[in-house]
Amino acid sequence: MTSQTAPPRAPAPPTAGHRLRWAGLAVVLAAEVMDLLDTTIVGVAAPSVRQDLGGSDAQIQWITASYTLAFAVLLITGGRLGDLFGRRRLFVLGAAGFTLASLLCAAAPGAGTLIAARTVQGLFAALLIPQGLGLVKAMFPPEQLGAAFGLFGPVLGLSSVLGPTLGGYLTDADLFGLGWRTVFLINLPLGLLAVLAATRILPADHLTRTPGAGRLDPVGVLVLGLAVLLLVYPLVQGRELDWPLWTFLSMAASVPVLWLFTRHQRGVLRRGGTPLVEPSLFGKRAFVSALATGLVFFAALSGLLLVFTLHLQLGLGWTPLHAGLSMIPLSVGVVVGAVLSGGLLAPRYGRRVLHAGIAVAVAGALGLWFTVERGDAGLTSWQLAPALALTGLGLGLIMAPFFDIALAGVEESETGSASGVLNAQQQLGGSVGVALLGTAFFGWARADGFRHAAGWTYGLVAALLAAAFLTAFLLPRHARPEGGGH
């Protein structure tokens with residue numbers, strides 16, 4: 001599957017390219033938009049939620065944390081279920097459940113009910129999102145994968161920036177007297193469209209189900225879920241609770257549980273069963289290197305978005321809508337970078353485009369540091385725009401080659417595991433970034449004020465991106481041999 005000269009293998013339609021592959025890609029991206037909007041839009045509405053529903057600080061925090069935690073715990077299992085039962089079936093089930101849970105969130109009469117509905121949202125998102133990468137890989141022939149993955153950049157970048165902006169607008173506008181509830185209702189048209197379109201456009205389950213996939217490993221699901229819970233829960237809660245001792249003990253305990261999981265997976269393989277995570281993935285240079293690079297990169301990205309919005313709202317006193325609109329240069333840069341990368345540069349230059357993108361993003365983060373340190377309380381959106389656009393350009397350049405190279409050499413039998421692990425890596429990286437950079441920002445803010453705290457944290461973002469630049473040298477130079485060799 002990695003060479004144009006190799007004879008075609010069954011099933012023929014995915015090898016030749018699904019007839020409606022570009023429309024199918026639009027359906028997959030719609031699901032990604034729903035997830036990202038839901039992740040970023042809720043934080044802006046949190047003060048209004050507490051004013052309306054009441055609840056403690058911890059309960060309001062869990063409105064966001066419950067989604068993240070449920071999503072992270074079930075992600076890898078969701079990818080494996082796509083192998084077993086077909087990715088279109090799991091995609092439709094996940095989109096339908098996510099949409100229904102969004103309606104329950106909007107109708108929640110109290111904070112506890114809202115937290116429960118958000119947990120259900122996260123569980124269905126874990127069934128929905130891992131199918132995306134596998135579906136794209138099944139729908140597109142190898143020579144078009146780079147262009148397909150290149151579209152993830154602008155869509156994901158725009159959604160990340162649009163979330164806070166849209167959340168601020170919907171909350172302030174109080175449409176039909178619904179207030180914050182509209183931030184959940186916005187998912188309904190997207191979700192219904194995704195469900196209807198998926199049944200007509202995405203390839204049939206027999207074309208995306210992995211032949212001989214065996215059965216789900218329930219013990220593996222439980223052990224892996226426990227390991228992820230022990231690791232992600234303290235990362236989600238630690239910063240808010242000022243890192244009590246139990247958070248470090250929990251993260252440390254995840255290591256032996258992960259070791260038990262790997263031992264169990266090897267045992268399943270020896271007995272002729274099908275493991276939850278294919279051990280063969282971790283013998284692939286491209287995949288393992290991408291996990292290391294992506295973990296650092298997504299930590300830097302999530303931390304940057306958090307600190308930027310906190311700085312503008314807490315440090316400069318801007319409204320959520322003003323802060324969201326100020327991120328438009330970032331989204332424009334992401335779109336330009338992703339279009340250049342996916343359509344022109346990544347297919348020809350491979351890993352060099354990823355390195356160039358990281359270097360540009362480092363320059364942008366340093367530009368933000370310089371702008372903030374030179375500014376004062378009168379800092380304007382226009383002063384921040386050049387550094388933001390430069391950062392976005394770098395991030396956009398990264399997206400297309402990263403996913404293409406990460407899935408290079410992944411076999412059809414490994415696609416579900418690979419997609420789940422890659423998505424879990426993004427969630428873990430995001431949690432690490434929010435915990436690390438959020439803690440640093442608030443610690444420096446207490447000592448030296450928000451302006452210096454923001455500047456130094458942008459410098460820390462640049463350092464993380466520089467680390468990703470170094471780990472990216474471990475990646476192969478191209479996604480496929482025909483692109484120029486490894």
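I take buried as under 20% relative accessible area, exposed as over 50%, and partly exposed as in between. With that cut-off I started on Ser302, whose relative accessible area of 23% makes it partly exposed. I'm working from a predicted model, so I kept that in mind for every entry.

**Ser302 and its far partner.** I found Ser302 in helix α14, which covers residues 285-315. I then looked up its distance to Gly433: the two are 131 residues apart in sequence, yet their C-alpha atoms sit 5.7 Å apart.

**Gly238.** I placed this glycine in helix α12. Is Gly238 buried or exposed? It counts as buried, because its relative accessibility is 0% and the cut-off for buried is under 20%. I also checked Gly238 against Leu436, and got 9.9 Å from C-alpha to C-alpha across 198 residues of sequence.

**Trp243.** Going on along the chain, I reached the loop between α12 (218-241) and α13, where Trp243 is found. I noted a positive phi of about 55° for Trp243, although it is not a glycine. I jotted that down because most residues other than glycine have a negative phi.

**Arginines on α13.** Which residues gather in a patch of positive charge on the surface? I listed Arg263, Arg266, Arg270 and Arg271. I looked at Arg266 more carefully and placed it in helix α13, residues 245-270. Arg266 has a relative accessible area of 48%, so I logged it as partly exposed. I also reminded myself that an α-helix has 3.6 residues a turn, so residues three or four places apart point the same way.

**Nonpolar patch.** I picked out a nonpolar surface patch of about 510 Å², made by Leu325, Ile328, Val332, Val336, Leu340 and Leu344. Which helix gives the most to the nonpolar patch? I found that it is α16 (residues 328-349), with five residues. Val332 is in helix α16, and I have it as partly exposed because its relative accessibility is 47%.

**Ile115.** I located Ile115 in helix α5, residues 111-128. Its relative accessibility is 17%, so Ile115 counts as buried. I measured nothing here, but the computed C-alpha to C-alpha distance from Ile115 to Ser66 is 6.4 Å, with their positions 49 residues apart in sequence.

**Helix α6.** How many of the residues of α6 (residues 131-139) are buried? I counted nine of nine, so I wrote the helix down as mostly covered, going by the cut-off of under 20%. I noticed that the buried residues include Lys137, along with Gln131 and Met139.

**Helix α10.** I checked the length of α10 (residues 187-201): its 15 residues reach 20 Å from first C-alpha to last, close to the 21 Å expected at 1.5 Å a residue. For its buried residues I noted Asn187, Gly191, Ala194, Val195, Ala197, Ala198 and Ile201.

**Helix α20.** I ran the length check again on α20 (residues 450-471). Its 22 residues should span 32 Å at 1.5 Å a residue, and the end C-alpha atoms are 31 Å apart, so the two values agree. Among the buried residues of α20 I noted Ala453, Ala454, Gly455, Thr457, Tyr458 and Gly459. Further along α20, I also marked Val461, Ala462, Leu464, Leu465 and Ala468 as buried.

Note on methods: Residues numbered from 1 in each chain as written. Predicted model: local features only at pLDDT ≥ 70, side-chain atom pairs only at ≥ 80, totals over all residues. Heavy atoms only, no water. Patch = residues over 30% accessible without salt bridge, like charges linked within 9 Å, V, L, I, M, F, W, Y side chains within 5 Å. Areas by Shrake-Rupley, 256 points an atom, 1.4 Å probe, with all protein chains shown as cover. Salt bridge = Lys/Arg side-chain N within 4 Å of Asp/Glu carboxyl O. Lys, Arg positive; Asp, Glu negative; His and termini not counted. Charge placed at Lys NZ, Arg CZ, Asp CG, Glu CD. Helix = DSSP H or I, 4+ residues; strand = E, 2+ residues; numbered from the N terminus. Buried < 20%, exposed > 50% of the residue type's maximum accessible area, 1.4 Å probe, protein only. Expected span 1.5 Å × (residues − 1).
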